[in-house]
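Got your viewer open and a selection tool ready? Let's walk through this chain one stop at a time.

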Amino acid sequence: MDQDANPAIAATLREIGPRLRRLRERKGMSLADLGQATGISKSTLSRLESEQRKPSLELLLPIAAALAVPLDEIVAAPRVQDPRVHQHPGRADGRTFVPLSRHRTEPRAFKITIPAAQQTPSLTTHTGHEWLYVLSGRLRLLLGEHDVVLAPGEAAEFDCQNPHWFGSTGTGDVEVLSLFGKQGERLHLRARTRPKEAKEW
């Protein structure tokens, strides 16, 4: 099989050079040290690590022996992690939060279920930026002078340093997707606004 015609094989071969360099440096060996241990010239090792020379078993076997690592550690492609995010729902302030992102890096993604009874506003401020997308139900959002109702398929984003609150309109539970990060941006809304009270439409 033509290796260049197979993207997976080509990608694995491209990783061998950088992987060799990392293993050698982890062992605290210089190119000269590795050359002395394997009988392979320093220039050949350098070209191998910089992907200027294609790897072969004649080169890789003595290198693996000198580095005291299995050949698989040099040749095998890294294992792909299970991409699924294992969801562990939690509750806070009467709401259910389901993390949708694997790591605690930002922005964090959540699915939030807000009970119908949570319809009494309580404005708050904190650092960060939030983006909301309504999956089901009707979401009431208060933000500064804005009092809006978002229907399924509508979204809002805002700087959390502005006084804000979001909850149910009282007609039923609400499910929203939330992305939260520390980056502040200007408010963008896709919903009609009223200065004082919310109306369903």
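What follows is a tour from the whole chain to three helix pairs and then two loop residues.

**The whole chain**

Before clicking on anything, keep in mind that this is a predicted model. Show the chain as a cartoon and you should find five helices and eleven strands. Now colour by burial: of the 201 residues, 34% are buried. Switch on a surface if you like; the accessible area is about 12,400 Å², and carbon and sulfur atoms account for 51% of that. How much of the contact map joins residues at least 24 apart? Taking contacts between residues at least 6 apart in sequence, the share is 64%.

**Stop one: α2 and α3**

Select residues 31-38 for helix α2, then add residues 42-49 for helix α3. Their axes are 9 Å apart, and the packing angle is about 115°. That angle makes α2 roughly perpendicular to α3, since the range that counts as perpendicular runs from 65 to 115 degrees. As for handedness, α2 and α3 cross in the right-handed sense. To see the contact, show side chains for Leu-31, Ala-32, Leu-34, Gly-35 and Thr-38 on the α2 side, and for Lys-42, Leu-45, Ser-46 and Glu-49 on the α3 side. Colour them by class and you get a mixture: four nonpolar, three polar and two charged residues.

**Stop two: α2 and α4**

Keep α2 on screen and bring in helix α4, residues 57-67. Here the axes come within 9 Å and cross at roughly 110°, so α2 and α4 are roughly perpendicular to each other. This crossing, too, is right-handed. Which residues make the contact? From α2 they are Leu-34, Ala-37 and Thr-38, and from α4 they are Pro-62, Ile-63, Ala-66 and Leu-67. Colour this set by class: six residues are nonpolar, one is polar and none is charged. While you're here, click on Leu-34 and Thr-38 of α2, which contribute to the contact with α4 and also to the contact with α3.

**Stop three: α3 and α4**

Hide α2 to look at the remaining pair. The axes of α3 and α4 come within 12 Å, crossing at roughly 100°, so this pair is roughly perpendicular as well. Pick Thr-44, Leu-45 and Leu-48 in α3, then find Leu-59, Leu-60 and Ile-63 in α4, which they meet. Five of the contact residues are nonpolar, one is polar and none is charged. Two residues are worth a second click: Leu-45 of α3 is also in the contact with α2, and Ile-63 of α4 is in the contact with α2 too.

**Stop four: Gln-87**

Jump to the loop between α5 (71-75) and β1 (90-92), and select Gln-87. Gln-87 is partly exposed, with a relative accessible area of 47%. Leaving out residues up to four places away in sequence, what does Gln-87 touch? Light up Val-98, Pro-99 and Leu-100. Draw a distance between the C-alpha atoms of Gln-87 and Pro-99: they are twelve residues apart along the chain and separated by 6.1 Å.

**Stop five: Gly-170**

Finish in the loop between β8 (164-168) and β9 (174-181), where Gly-170 sits. Gly-170 is partly exposed, at 35% relative accessible area. Setting aside neighbours within four places in sequence, its contacts are Ala-116 and Gln-119. For a last distance, go from the C-alpha of Gly-170 to that of Thr-120: 9.1 Å, across 50 residues of chain.

Notes:
Residues numbered from 1 in each chain as written. Predicted model: local features only at pLDDT ≥ 70, side-chain atom pairs only at ≥ 80, totals over all residues. Heavy atoms only, no water. Helix = DSSP H or I, 4+ residues; strand = E, 2+ residues; numbered from the N terminus. Buried < 20%, exposed > 50% of the residue type's maximum accessible area, 1.4 Å probe, protein only. Contact = heavy atoms within 4.5 Å. Areas by Shrake-Rupley, 256 points an atom, 1.4 Å probe, with all protein chains shown as cover. Axes fitted to C-alpha atoms, helices over the stretch in contact; angles between N-to-C directions. Parallel < 35°, antiparallel > 145°, perpendicular 65-115°, else oblique. Left-handed = near helix turned anticlockwise from the far one by under 90°. Nonpolar A, V, L, I, M, F, W, Y, C, P; charged D, E, K, R; others polar.
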